[in-house]
Amino acid sequence: MDLINSFLNLVVPPASLLALAFAWPTLSFINACERLYNTFVSEKMDNKVVIITGASSGIGEQIAYEYAKRGTNLVLVARRDNRLWGIADNARRLGSRHVLIMAADVVKEEDCRRFITEAVNYYGRVDHLVNTASLGHTFFFEEAADASVFPIIMDINFWGNVYPTYVALPYLRQSNGRIVVNASVENWLPLPRMSLYSAAKAALINFYETLRFEVKDEVGITIATHGWIGTEMTRGRFMVEEGAEMQWKEEREVQVTGGPVEEFAKLIVAGACQGNAYVKYPSWYDIFFVFRVFAPEVLYWTFHLLSMNHVTRRTSFIGTGRPLFEGSPQRKLLIGAGPGTFSQSQVPVQQQQKVE
């Protein structure tokens, strides 16, 4: 058996590259035709129901605006429900028929069950579930001052997607709906200071790729991956909603810019409505995946040389503490006219913990 594997190790990689070289033009042409066809059969979203988690800023906020332009009914979910007021108002002006606001912690199954159940009770259905809640970091793994932040990163980036999906899946089957996932190219492209974030995104991608086979054609899944884009997480600030900052002191004043988040959000919504399995921004990142599979040493040494000049270790890491998630606020707010009314109730907002 060892002899057979040794032979296959020598033969399969170059043979696969040769086959890929011949197949690539044909596959590219087929994909282009498919995208062109999908532009004419885009799903009509008028009056459909879209739930967006992590909608209080960044990609989630912009996705809400893109869906609003298509005349959808929105359910905006975030821990920072105070920010959702203005976003809901903007969405209504852009064309959204009704906007429902809910404060919830997506890493808690009971919170996910609450906002999805109440959305279904109010609207009667769910057509798209868009998971955008995410949390990055910029520390070297071995220099983390507090290991308690590790499960926080994994919880938000992985379970914060799985729990809403788990609860919403039966309703999405009924409407033949779609799940939209906000991932990142770091799920397979290794970058310094992103170890836990990359691991969480890799787990997330594998979860949805497997789920795609399980739900078959009953529920669509669109996986969106992005490279470096301009959000709150790429401007030197990495936060757990309104909680503890995860950053280096020296990076507080660094202004990092990337591709426009608005453009990425537009691509995500267009791709989801067209039924695309993947949305990639920018798509040229894919070339690195070929090296990752067939020549990982090239990729490793490239990033190693780049990191030698631009990534230096700092000892001024700010320890991170998790905000007090216990007792998430139960506020429900309705913006705009709708088929019914809600009474407002609110548990006192917890004090956020900030460690420096």
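**Figure 1. Lys216, an exposed residue in a loop.** With a relative accessible area of 62%, Lys216 is exposed. Keep in mind that this is a predicted model. Look for Lys216 in the loop between H6 and strand S6 (220-226). Its backbone is worth a look too: phi of Lys216 is near 55 degrees, a positive value in a residue other than glycine. Most residues other than glycine have a negative phi.

**Figure 2. Asn176, another residue with a positive phi.** Here we move to the loop between H5 and strand S5 (178-182), where Asn176 is found. Phi of Asn176 is near 50 degrees, and Asn176 isn't a glycine either.

**Figure 3. Phe158 and Phe207, an edge-to-face pair.** A pair of aromatic rings is described by the distance of the centres and the angle of the planes. For Phe158 and Phe207, the centres are 6.2 Å apart and there are 80 degrees between the planes. Planes over 60 degrees apart count as edge-to-face, and so this pair gets that label. Phe158 belongs to helix H5 (residues 149-175) and Phe207 to helix H6 (residues 195-215), so the two rings tie together parts that are 49 residues apart in sequence. How well covered are they, buried or exposed or in between? Phe158 is buried, at 17% relative accessible area, while Phe207 is partly exposed, at 26%.

**Figure 4. Trp159 and Tyr163, a stacked pair.** The ring centres of Trp159 and Tyr163 lie 5.4 Å apart, and their planes meet at 25 degrees, so this pair counts as stacked. Both residues sit in helix H5, 4 residues apart, and that separates them by about one helical turn. Trp159 is partly exposed, with a relative accessible area of 36%. Tyr163 is also partly exposed, with a value of 23%.

**Figure 5. A cluster of aromatic rings.** Which residues do ring pairs link together here? They are Phe158, Trp159, Tyr163, Phe207 and Tyr208. You've already met the edge-to-face pair of Phe158 and Phe207 and the stacked pair of Trp159 and Tyr163. Across the model, the count comes to 8 aromatic pairs.

**Figure 6. Tyr278 and two charged side chains.** Which charged ends sit over the ring of Tyr278? One belongs to Arg212, and that charged end is 5.1 Å from the ring centre. The other belongs to Lys280, with its charged end 5.6 Å from the centre of the Tyr278 ring.

**Figure 7. A nonpolar patch on the surface.** Met1, Ile4, Phe7, Leu8, Leu10, Val11 and Val12 make up this patch, and together they have about 720 Å² of accessible area. Pick out Phe7, which lies in helix H1 (residues 2-40). Phe7 has 51% relative accessibility, so it counts as exposed.

**Figure 8. Zooming out to the whole protein.** To place the close-ups, here's the wider picture. The secondary structure comes to 9 helices and 10 strands. Of the 356 residues in the protein, 48% are buried. Take the contacts between residues at least 6 apart in sequence: 77% of them join residues at least 24 apart. As for the outside, the accessible surface comes to about 17700 Å², and 58% of that belongs to carbon and sulfur atoms.

Note on methods: Residues numbered from 1 in each chain as written. Predicted model: local features only at pLDDT ≥ 70, side-chain atom pairs only at ≥ 80, totals over all residues. Heavy atoms only, no water. Phe/Tyr/Trp six-rings, centres within 6.5 Å; stacked < 30°, edge-to-face > 60°. Helix = DSSP H or I, 4+ residues; strand = E, 2+ residues; numbered from the N terminus. Buried < 20%, exposed > 50% of the residue type's maximum accessible area, 1.4 Å probe, protein only. Lys NZ or Arg CZ within 6 Å of the ring centre and 35° of its normal. Patch = residues over 30% accessible without salt bridge, like charges linked within 9 Å, V, L, I, M, F, W, Y side chains within 5 Å. Areas by Shrake-Rupley, 256 points an atom, 1.4 Å probe, with all protein chains shown as cover. Salt bridge = Lys/Arg side-chain N within 4 Å of Asp/Glu carboxyl O. Contact = heavy atoms within 4.5 Å.
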